[in-house]
Amino acid sequence: MDEAAGAEEPVRCPVCSQELPPSRINAHLDRCLQPPAVPCHNGAPGSPTATAVPEEGSHSAKKRRLSPNAAPFPLFHKQRPGGEGASCPALSASSPSPAAGPTPQPEAGKSIPEKLEGKPLADKMRPTTLEEYMGQSKVLGTDTLLRSLLESNEVPSIILWGPPGCGKTTLAHIIAKNSKKHNTRFVSLSATSASTNDVREVIKQAQNEQKLFKRKTILFVDEIHRFNKTQQDTFLPHVECGTVTLIGATTENPSFQVNTALLSRCRVIVLEKLSVEAMEAILMRAVHSLGIRVLDRDGHSDAEDGNSSAEMPVYIEEKALSTLAHLCDGDARTGLNGLQLAVQARLAAGKQSFSYPGTKKSPKSGVIIMEDHVKEGLQRSHILYDRAGEEHYNCISALHKSMRGSDANASLYWLARMLEGGEDPLYVARRLVRFASEDVGLADPSALTQSVAAFQGCHLIGMPECEVLLAQCVTYLARAPKSIEVYSAYNNVKACLKNHKGPLPPVPLHLRNAPTKLMKGLGYGQGYKYNPMFKGPVEQDYLPEELRGLNFFKKTH
Ligand SMILES: Nc1ncnc2c1ncn2[C@@H]1O[C@H](COP(=O)(O)OP(=O)(O)OP(=O)(O)O)[C@@H](O)[C@H]1O
């Protein structure tokens with residue numbers, strides 16, 4: 001450490017937050033770490049809100065082993081929830097985060113119900129290595145930039161942008177685990193609940209860590225788009241000077257939601273919805289980890305029937321896994337939670353004898369999870385409504401037709417089917433704007449105002465609050481008088497243009513603007529009758545000569 005430079009700037013004790021000259025910090029730290037607890041609080045017990053655990057074998061780790069009852073050292077051991085120094089829920093820092101632990105293995109000796117206890121299956125199955133991380137080969141494939149940066153531990157500041165459950169948090173944890181090998185701290189914040197002070201606190205600790213132990217800090221900010229401009233600005237200088245390496249995760253387009261200055265200092269990594277194949281691999285890994293046997297179409301199990309001492313073997317149809325992989329819309333959390341619910345529900349139903357349909361195989365005894373059970377295991381919304389598939393189009397069509405038929409009741413039903421199924425409210429709102437013009441049209445021009453307002457309202461407040469805005473607008477549109485006059489007339493004009501043979505007729509000279517002398521000389525604007533100058537109706541043609549007499553409002557298809 002540069003002592004001379006440090007002498008000018010005091011450093012902060014990560015234990016008690018006291019500011020000290022750098023020359024005194026080591027002695028002070030030794031005192032702070034002495035067992036029994038030496039009160040070195042400066043009136044701010046547990047004030048640092050982030051926690052981290054030291055590297056095995058590091059100086060501080062050894063100290064901790066020597067003094068198990070030492071005063072809380074929030075930088076170096078996990079805080080107890082609710083206890084003194086309990087961390088802000090928005091904030092956690094770790095080396096051994098759940099993700100940084102060992103690869104989830106079938107917990108030997110435990111029954112399936114026991115394995116399903118506690119944390120959600122999706123959390124238990126969170127990959128801890130790039131090898132276990134499925135899909136996303138475009139950004140993480142063998143020859144990609146990100147992969148080589150990660151392998152050389154050159155982690156740049158990045159923004160991970162992708163839909164829910166596609167693996168943003170998981171990737172951040174894998175990066176953290178990888179960096180841990182190179183003596184880097186990992187701190188995570190959730191932008192939904194962290195305050196600007198929390199951010200400042202993390203940055204102060206990162207500065208101290210750098211000064212005292214030359215340790216880098218990776219700061220993971222989940223849902224970074226939820227931070228306001230001031231909060232995002234707080235990171236800026238520290239990202240720039242390398243005090244923290246920022247990994248932000250967002251489901252929203254960062255071009256709109258992340259400050260331009262911050263964005264320009266980060267690489268944006270676009271993660272995609274997980275493919276069905278990746279989902280199948282994720283589910284298969286979970287099924288194997290739980291010790292569930294997979295039955296193929298012929299009723300063959302991937303484990304020998306007689307080789308297990310399990311009292312109640314659990315089977316799952318291959319088809320059920322495939323359906324789950326299709327229905328969860330590339331969201332691994334939804335898929336794994338759906339699997340968990342299906343298994344738990346079938347376990348609760350108890351052991352049964354079943355013969356596998358369509359085969360001559362002898363009946364099996366145990367628990368079987370079939371396609372229908374998996375659908376039940378998924379949230380009901382995911383069964384009723386497959387956002388990516390046909391149901392999306394079926395439901396929007398049903399909504400449109402119900403409103404056109406002025407059936408407010410049915411309209412609300414289809415609206416709810418979509419929203420409860422996780423449809424993007426802005427997609428529905430955009431369709432309503434279109435409907436207001438296409439089907440209500442001039443019979444009630446304020447329908448357009450209503451629907452645009454509903455769209456903006458949805459944009460402002462998001463789900464679930466915006467559902468009532470959409471319900472109001474849908475009811476308004478269903479009850480409104482209908483007119484397709486403008487819609488049909490415009491279609492007639494488009495058809496006329498499309499079917500026109502030869503060059504399009506020129507704009508009549510009298511309708512042309514004549515801003516220059518030359519144009520005037522060419523006859524532009526000549527003979528044009530300026531309507532306000534006339535008391536009564538003005539006789540004047542507005543269509544090109546060859547189209548005169550054509551009435552698009554009357555013309556039928
Ligand atoms: N690429 C992947 N490979 C394997 N498992 C994955 C992958 N992506 C996600 N998962 C599983 O899904 C769970 C949820 O993923 P994760 O928390 O990383 O999603 P996310 O993109 O951060 O979602 P959100 O935006 O909702 O926070 C993980 O715990 C893990 O079990």
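Helix H8 (168–180) and helix H15 (332–349) each contribute at least two residues to the shell around the ligand, and this shell is a useful place to begin reading the structure, which is a predicted model.

**The ligand and its surroundings**

The shell around the ligand consists of 21 residues, of which Ala122, Met134, Lys168, Thr169 and Thr170 come nearest. Sorted by class, the shell holds 12 nonpolar, 5 polar and 4 charged residues. Three pairings between an oxygen atom of the ligand and the protein are set out in the table, with the part of the residue that takes part in each.

| Residue | Part of the residue | Distance to a ligand oxygen atom |
|---|---|---|
| Cys166 | backbone N or O atom | 3.2 Å |
| Gly167 | polar backbone atom | 3.0 Å |
| Arg333 | side-chain N or O atom | 3.0 Å |

Taken alone, the ligand exposes 630 Å², and the protein buries 94% of that area.

**The protein as a whole**

The protein has 557 residues, and buried residues make up 47% of them. Its secondary structure comprises 24 helices and 12 strands. Among the contacts in the protein with a separation of 6 or more, 70% are accounted for by residues 24 or more positions apart. The accessible surface of the protein comes to about 29100 Å², and 54% of this surface belongs to carbon and sulfur atoms.

**The nonpolar cores**

In soluble globular proteins, nonpolar side chains tend to be buried together. Here the largest nonpolar core has 33 residues, and those with the most contacts inside it are Ile316 and Leu339. The elements that give two or more residues to this core are helix H5 (121–124), helix H13 (276–290), strand E10 (314–317), helix H14 (318–327), H15 and strand E12 (364–369). The largest share of the core, 7 residues, comes from H13. Helix H15 therefore appears both among the elements that supply the shell around the ligand and among those that supply this core. Setting aside its neighbours within four places in sequence, Ile316 is in contact with Val287, Ile292, Arg293, Val294, Leu295, Leu321, Leu339, Ile369 and Val374. Apart from this core lies another, of 26 residues, among them Tyr427, Val428, Ala429 and Cys458.

**Two individual residues**

Tyr524 is placed in the segment after helix H24 (517–521). Although Tyr524 and Arg512 are 12 residues apart in sequence, their C-alpha atoms are 5.4 Å apart in space, and the side chains of these two residues make a polar contact at 3.1 Å. Not counting residues up to four places away in sequence, Tyr524 touches Leu509, Arg512, Asn513, Ala514 and Met519.

Leu448 has its place in helix H21 (residues 446–461). Is Leu448 buried, exposed or partly exposed? With a relative accessible area of 37%, Leu448 is partly exposed, because this value lies between the 20% under which a residue counts as buried and the 50% over which it counts as exposed. Leaving aside neighbours within four places in sequence, Leu448 is in contact with Val433, Ala436 and Ser437. Leu448 and Leu477, which are 29 residues apart in sequence, lie 9.3 Å apart in space, C-alpha to C-alpha.

Definitions and conventions
Residues numbered from 1 in each chain as written. Predicted model: local features only at pLDDT ≥ 70, side-chain atom pairs only at ≥ 80, totals over all residues. Heavy atoms only, no water. Near = heavy atom within 4 Å. Polar contact = N/O pair within 3.5 Å; in protein donor to acceptor, adjacent residues only side chain to side chain. Areas by Shrake-Rupley, 256 points an atom, 1.4 Å probe, with all protein chains shown as cover. Helix = DSSP H or I, 4+ residues; strand = E, 2+ residues; numbered from the N terminus. Nonpolar A, V, L, I, M, F, W, Y, C, P; charged D, E, K, R; others polar. Core = buried A, V, L, I, M, F, W, Y, C linked by side-chain atoms within 4.5 Å. Buried < 20%, exposed > 50% of the residue type's maximum accessible area, 1.4 Å probe, protein only. Contact = heavy atoms within 4.5 Å.
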